[in-house]
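Please look through the structure below before reading on, and keep it in view while you follow the paragraphs. They go from the cysteines to the core, and then out to the charged pairs and the surface.

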Amino acid sequence: MKIDTVDLFANDGYELPVSGVIDFSDVDYYGDHPFEKAEVEGKAFNRGGIVTLRLDVLLSVNTTCARCLKPVAFEKRYDVRETLVRKSDETDEASETYTVVTGRSLELDDVVLSAVLLDIDMVFLCREDCKGLCPTCGADLNEGMCDCGKE
């Protein structure tokens with residue numbers, strides 16, 4: 001999803017509404033593809049020459065529990081706030097304090113994905129107290145103790 005930034009940088013007081021869906025199903029996350037879609041709502045605006053991007057993102061995640069391997073599906077909300085700057089000789093493209101815009105447009109997929117990856121859990125659990133699987137017989141310990149531990 002791209003936004004045209006020409007008028008945004010050129011006109012103080014300019015607002016650009018942003019709305020759409022980004023497909024993250026092809027994103028590899030530690031060998032898994034847990035992300036589905038991200039619903040994006042928000043705006044970009046210029047106030048006093050400072051261009052700001054504010055997005056509300058609702059990410060759908062569908063994966064398996066890291067302990068018991070049961071399906072896990074949930075939605076996670078992100079509040080994305082970025083200051084946008086034009087590329088110049090003084091800008092540091094690796095900056096964590098602002099996002100550098102090169103050319104006429106900004107690819108929101110990259111901005112949203114960066115925000116997601118900075119805040120998402122590394123492993124997903126079906127519940128916080130998931131007991132997982134027995135390492136010997138593979139029984140789901142959430143459903144009760146297995147018989148192999150009695151030997």
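How many disulfides does the structure hold? This is a predicted model, and the structure holds zero disulfides. Cys-130 is in no disulfide, although the sulfur of Cys-65, the nearest cysteine sulfur, is 3.7 Å away. A disulfide is counted when two cysteine sulfur atoms lie within 2.5 Å of each other, so a separation of 3.7 Å does not qualify. Cys-130 itself is buried, with a relative accessibility of 5%. Cys-146 is likewise in no disulfide, and its nearest cysteine sulfur, which belongs to Cys-148, is 3.3 Å away. With a relative accessibility of 12%, Cys-146 also counts as buried.

The next topic is the interior. In soluble globular proteins, nonpolar side chains tend to be buried together. Here the largest nonpolar core has 31 residues, and those with the most contacts inside it are Phe-24, Phe-35 and Leu-55. Several elements contribute to this core, for strand S2 (15-23), strand S3 (35-47), S4, S5 and H2 each supply at least two of its residues. If you centre your view on Phe-35 and leave aside its neighbours within four places in sequence, you will find it in contact with residues that include Phe-24, Tyr-29, Leu-59, Val-116 and Ile-120. A second residue to inspect is Thr-52, which is found in strand S4 and is buried, with a relative accessible area of 15%. Leaving aside its neighbours within four places in sequence, Thr-52 is in contact with Lys-43, Ala-44, Phe-45 and Glu-82.

From the core we can turn to the charged side chains. Side chains of opposite charge can pair when their charged atoms come close. A search of the whole structure finds 10 salt bridges. One of them joins the side chains of Arg-77 and Asp-56, with a distance of 2.7 Å from N to O. Because Arg-77 lies in strand S5 (residues 71-86) and Asp-56 in strand S4 (residues 50-64), this pair ties together parts that are 21 residues apart in sequence. Arg-77 counts as exposed at 51% relative accessibility, whereas Asp-56 is partly exposed at 32%.

Another salt bridge is formed by the side chains of Asp-140 and Lys-70, at 3.1 Å from N to O. Asp-140 lies in the segment after helix H2 (108-119) and Lys-70 in the loop between S4 and S5, so the pair ties together parts that are 70 residues apart in sequence. Asp-140 is buried, with a relative accessible area of 14%, while Lys-70 counts as partly exposed at 33%.

A further salt bridge links Asp-119 with Lys-76, whose closest N and O atoms are 3.7 Å apart. This pair, too, links distant parts of the chain, since Asp-119 is in helix H2 and Lys-76 in strand S5, 43 residues apart. Asp-119 is partly exposed at 43% relative accessibility, and Lys-76 is partly exposed at 21%. Salt bridges that share partners also join Glu-15, Lys-43 and Arg-47 into one network.

Which residues form a nonpolar patch on the surface? They are Tyr-30, Met-122 and Val-123, which together have about 380 Å² of accessible area. Met-122 has its place in the segment after H2, and with a relative accessible area of 58% it is exposed.

How values were computed
Residues numbered from 1 in each chain as written. Predicted model: local features only at pLDDT ≥ 70, side-chain atom pairs only at ≥ 80, totals over all residues. Heavy atoms only, no water. Salt bridge = Lys/Arg side-chain N within 4 Å of Asp/Glu carboxyl O. Helix = DSSP H or I, 4+ residues; strand = E, 2+ residues; numbered from the N terminus. Buried < 20%, exposed > 50% of the residue type's maximum accessible area, 1.4 Å probe, protein only. Patch = residues over 30% accessible without salt bridge, like charges linked within 9 Å, V, L, I, M, F, W, Y side chains within 5 Å. Areas by Shrake-Rupley, 256 points an atom, 1.4 Å probe, with all protein chains shown as cover. Core = buried A, V, L, I, M, F, W, Y, C linked by side-chain atoms within 4.5 Å. Contact = heavy atoms within 4.5 Å.
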